[in-house]
Amino acid sequence: MPLKATLKQALGSLASIDFLEKLTEYSLRQKAPSVSLAASEEVAAPGTTWVEVADGGRRKLWRKTFDRIGARDILLLEFGVFKGDSMREFVNLNTSPDSRFFGFDSFEGLPEVWRGTSREHFSVHGQFPDIADSRVRFVKGWFNKTLEPMLDELAELAKTRQVIVHFDADLYSSSLYLLFTLYRHFPDYVFIFDEFDGHETRALYNFVQATGAGTEFFHHVLWQGCPTSVSGRLTAG
Ligand SMILES: C[S@@+](CC[C@H](N)C(=O)[O-])C[C@H]1O[C@@H](n2cnc3c(N)ncnc32)[C@H](O)[C@@H]1O
């Protein structure tokens, strides 16, 4: 076997898939225009710990993104709810009585292991977060079972509302499924990705490759030089 092929095979068998994906993501966001953050504004939060920088930063990013949209009616679709931390903030950022918020989650954890995080890590044992707002509805189950039956209802609501999609499922497989499935009904929406240094970058890149959809990034948050939360707009290709 040629030396180059032998080296590649050795690297492929030694390195974990997660490690190799990580390399792809680093090069992707610098080289692929569809996931390049170069033209977007960096949102910085003061502090040095992850909670101060990444979590504080994402809250500022959410506010800036909602400010762009203004006080109009929205249809917010969140994929990955967990204990409702982000959903709780979204309902405060848009108080229009006709806005609607849908939170999709298994509420039993991830469908597969994610970067060493066990499937059960995000399990809340089927419990919905306690959010006392009649505009919010939670949908329990795996996305590939729960989203399709809801699409007509959501598309109807979207006719008079600005659609915002919060992608916070962490996994490549979940994010890719969502991007393709939503695109059939929602060819133009505002997106927020919560974990853009992870699988989500590659999912968006592969989705844009396949569909020719357009992306424009508004804001991004960096943690130790790598993007975490990003927001922007997706448009039909
Ligand atoms: C990082 S947590 C969400 C955190 C939440 N948005 C917050 O800010 O607190 C990711 C969630 O995605 C859910 N999830 C990932 N893939 C899923 C899938 N295919 N179907 C249903 N739920 C999924 C997991 O159950 C988990 O609760």
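Here are a few exercises, with worked solutions, on the predicted model above.

**Exercise 1: overall dimensions**

Work out whether the radius of gyration fits the rule for a compact globule.

*Solution.* Start with the chain length, which is 237 residues. For that length, the rule for a compact globule puts the radius of gyration near 18 Å. The protein comes out at 18 Å, so the two agree. Next, look at the box: along the principal axes, the C-alpha atoms fill roughly 65 × 40 × 35 Å. As for burial, 33% of the 237 residues count as buried. Finally, take the contacts between residues at least 6 apart in sequence: 74% of them join residues at least 24 apart.

**Exercise 2: the sheet**

Find the strand order of the sheet and say which strands sit at its edges.

*Solution.* Begin with the inventory, which is eight helices and eight strands. The open sheet has eight strands, and reading across it gives β1-β7-β8-β6-β5-β2-β3-β4, with mixed pairing. Now pick out the strands that pair on one side only: these are β1 (41–42) and β4 (136–140), the edge strands. Zoom in on β1 and you'll find it joined to β7 (residues 214–223) by two bridges, with the two strands running parallel. For a residue-level check, E42 stands opposite H220 in β7.

**Exercise 3: helix α8**

Test the length of α8 against the expected rise per residue, then list what its buried residues pack against.

*Solution.* Helix α8 covers residues 199–211, which makes 13 residues. At 1.5 Å a residue the span should be 18 Å, and the end C-alpha atoms are indeed 18 Å apart, so the helix passes the test. The buried residues come next: H199, E200, T201, R202, A203, L204 and F207. They pack against α2 (17–31), β5 (162–167), α7 and β6 (189–193). Step just past the end of α8 and you meet G212, with a positive phi of about 75 degrees.

**Exercise 4: Y172**

Decide why Y172 is classed as partly exposed, and trace its contacts.

*Solution.* First place the residue: Y172 belongs to helix α7 (residues 172–183). Then count neighbours: 18 other C-beta atoms lie within 10 Å of Y172. Buried would take 20 or more and exposed 12 or fewer, so with 18 Y172 is partly exposed. Now set aside neighbours within four places in sequence, and the contacts of Y172 are H199, R202 and A203. Those three residues are among the buried ones in α8. To finish, compare Y172 with Y189: they are 17 residues apart along the chain, and their C-alpha atoms are separated by 20 Å.

Definitions and conventions. Residues are numbered from 1 along each chain as its sequence is written. This is a predicted model: local features need pLDDT of at least 70, side-chain atom pairs count only at pLDDT 80 or more; totals for chains, interfaces and linings use all residues. Two strands pair if DSSP finds at least two bridges between them. Helices (H or I, at least four residues) and strands (E, at least two) are DSSP runs, numbered from the N terminus. Two residues are in contact if their C-beta atoms, placed from the backbone, lie within 7 Å. The expected span of a helix is 1.5 Å times one less than its number of residues. The radius of gyration is taken over C-alpha atoms; the globule rule is 2.2 Å times the number of residues to the power 0.38.
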